[in-house]
Every structure is written in structure tokens, then in C-alpha cells.
Amino acid sequence: MDSVEVPHVVGRLAPSPTGAQHVGNARTYLIAWLAARSRGGRVILRIEDIDSPRVKPGAAELACADLRWLGLDWDDGPVVQSRRLELYEAALVALRERELVYPCTCSRSDVERAASAPHVENEGPVYPGTCSARRAADAAGLAGVPYAWRFRVPSRPVAFVDGFRGPVELDLREIGGDFVVWKSAGTPAYQLAVVVDDAAQEVTEVVRGDDLVASTPRQLLLYAALGLRPPAFTHVPLVVGPDGRRLAKRHGDTRLAALRAAGVQAPALLGLLAWSCGWIDQPRPVGVRDLLSVYRLQSIPREPFALRPELLRLIGYG
Ligand SMILES: [Zn+2]
């Protein structure tokens, strides 16, 4: 009997419960969901809740409700990061054993004061390497001093092919420098937790907003360091306000919960988002499953989608 190879696609939705999900998040989740489902793939839901001081009570449940309202379903999860700390710890141990990380006792203000290079937007100052002469074993002599673990970045750029943007090359020495994989508070940093989870859940394709493009070279380094196979990465343009700036409170309340409470119907929002992605020629109500056949990643405009008030009024909001 001949067996036909079925493409094995696993995508994921990974809301962070540090706040409510807004229209911009919805557009990215829709793209990520369609990227997997349009090829018969599976979808995993993960709650990225290790950024604990900023995690808001009830936000994870609200994110799940938002996704369900949109009609974006999942096969596995929610996988909750705060219940998986021992897996991240094991990855840190592996990095320490390979001398790929070192203990850093610098505070945020130490780094800001010592950094000479200009900041790249959203990335903060370049870590100047103050503690990079340390070996992993030196952590034992730091009793009582809080320290983070930093990953040594290579002295060459990291290149990858983005599913939307094409070839990307980023030099981490210019964006952030050696990066934190374990915070001084004793919790894993986003970069490490995401790599451990995506590998454990056999995610084959990460589709996310292009504000995270600078995370990808860091994560690729961690995959290589941990001997894990990386997924494909696709970064899509964000939703911005009418002023071209990232969607924020000053642009009005674009939280999905607020839209729901105002009586906006999910198909109306889906239609607006599908139109913004170039999949339908008018922003008319559609169901999420109607989009499976018209989804095309490359028809999404290269520019961010400007969410103007008249577009929200069109779907019955404001
Ligand atoms: Zn340091």
C-alpha cells in the first residue's frame, strides 16, 4: 500500500496574560491559525505567564474566551508556562554545562550606564559584556548577590529565512548583545521558555508579529545550543493606530473584550481583518472557516495595518 506523506504542520497561539488581547493580537492569531489550519495542521495553545509581576489575574481565561469568540480553536493546551519550570531549569543546566552562559550581576541601571551604543527600538541598551569573563562555575562564589544568566552571542550575524519577509540577517552584538536566559528573580526569560516549549510541543512553524523578529536570532542560537530542531519563523506586520504608532491605549479601547461587550459580532471583525490581509475585497462579515480557502500569507500587505476609527465604526464599534 502506498502511503502519501501528509505535511506535518504544528502551529501555536501563545497569548501573554500581561494584559487583555486587542484587535492587533486578533489579526496575528488569525494569521497564525490559518497558516496551520489551511494546510491541515494542528494548533497548540500556550499561556506565556512566566513574566509574573506583569501577569494580570484572569487575563489567561479572558484570552481563551477571546480566541473562542473569534472561532480560533486548538487541539492541545492550554499549556501553561508557570507549570513547566523544571523543563526550563533543565535547559539552563545544559547551557551552563556547555559554558554558553555566564552569571551577570549587573542591574538594569548598570547596563544602561555602561552601554555606549544607541538603543535599537524595543531592544534596550546593548549589554557591554561587563561580566562576560566569568565562567558558569563562578556563580557559586556570588552567594547573596542576585545574578542573571546571560547567553554569549557569537561574533557574527545570525541569518534565517522568514516565511513572510524572506532572508533576514541580524547581528545580536548590535541589538542587545549577550542576552538574559534566566532572570535574577529566579525565573526563565521569555527566550529560553519559548524555545523549550516550541521544541517540546514539536511546533513546526511560529507565526507572530514582527515586533518579535529580533527574538528569532536569539531563539535560533538557543535551539542550536540545546541540540534542538528549530521551527520555521514567520513575522507579520502589526496593527497600528491612525498615527502609525503601535496600537495602544491612546488609540481608544481596542480590547476584544470591549468590542464583545459593545455587541460587535466576531464575523464582522474577522471580515475587517481578512480584508486588511487582502483575502476578501470588502470588509464584510465572514466566519473563520470561510477564510481557509482564501488565506494566502503573501497577499498580506507589507505595511502595518492602520486601524482608523471609521473602520471600527464599520463593524459597529464606536
Ligand atoms: Zn553583568
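Reader: In what order do the three strands of the open, antiparallel sheet stand?
Author: In this predicted model, β4 (101–104) and β8 (179–182) stand at the edges, each with a single partner strand. One side of each is therefore left without a neighbour in the sheet. The twist averages 45° from one strand to the next. The pairing is antiparallel, and the order is β4-β5-β8.

Reader: Which residue in β8 stands opposite F151?
Author: Strand β5 covers residues 148–151 and pairs with β8 in the antiparallel sense. Three bridges hold this pairing in the count. Opposite F151, in β8, stands F179.

Reader: At about what angle to β8 does helix α6 run?
Author: Helix α6 takes in residues 215–226. This helix lies across β5 and β8. Its angle to β8 is about 50°.

Reader: How far apart are the end C-alpha atoms of helix α2, and what span should its 12 residues have?
Author: Helix α2 consists of residues 59–70. At 1.5 Å a residue, the expected span is 16 Å. The distance between the end C-alpha atoms agrees with this, at 16 Å.

Reader: Within what arc do the buried residues of α2 fall, seen down its axis?
Author: The buried residues are A59, A60, A63, C64, D66, L67 and L70. On the other side of α2, E61 and R68 are exposed. The buried residues line one face of the helix, because their arc is within 160°.

Reader: Which elements are included in what covers the buried residues of α2?
Author: Two strands are among them, β1 (10–13) and β2 (42–47). The cover also includes helices, namely α1 (23–37), α7 (256–261) and α8 (266–276). Named together, the elements included are β1, α1, β2, α7 and α8.

Reader: What phi does G71 take, just after α2?
Author: Helix α2 ends at residue 70, and G71 comes just after the helix. The phi of G71 is positive, at about 90°.

Reader: What is the order of the strands in the open sheet with parallel pairing?
Author: β1 and β3 (76–80) stand at the edges with a single partner strand each, so one side of each has no neighbour in the sheet. Neighbouring strands are turned by 25° against each other on average, direction ignored. The order of the three strands is β1-β2-β3.

Reader: Which residue in β2 stands opposite R12?
Author: β1 and β2 pair in the parallel sense. Their pairing runs over four bridges. Opposite R12, in β2, stands I44.

Terms used
Residues numbered from 1 in each chain as written. Predicted model: local features only at pLDDT ≥ 70, side-chain atom pairs only at ≥ 80, totals over all residues. Heavy atoms only, no water. Pairing = 2+ DSSP bridges. Axes fitted to C-alpha atoms, helices over the stretch in contact; angles between N-to-C directions. Contact = heavy atoms within 4.5 Å. Expected span 1.5 Å × (residues − 1). Buried < 20%, exposed > 50% of the residue type's maximum accessible area, 1.4 Å probe, protein only. Arc of directions from axis to C-beta.
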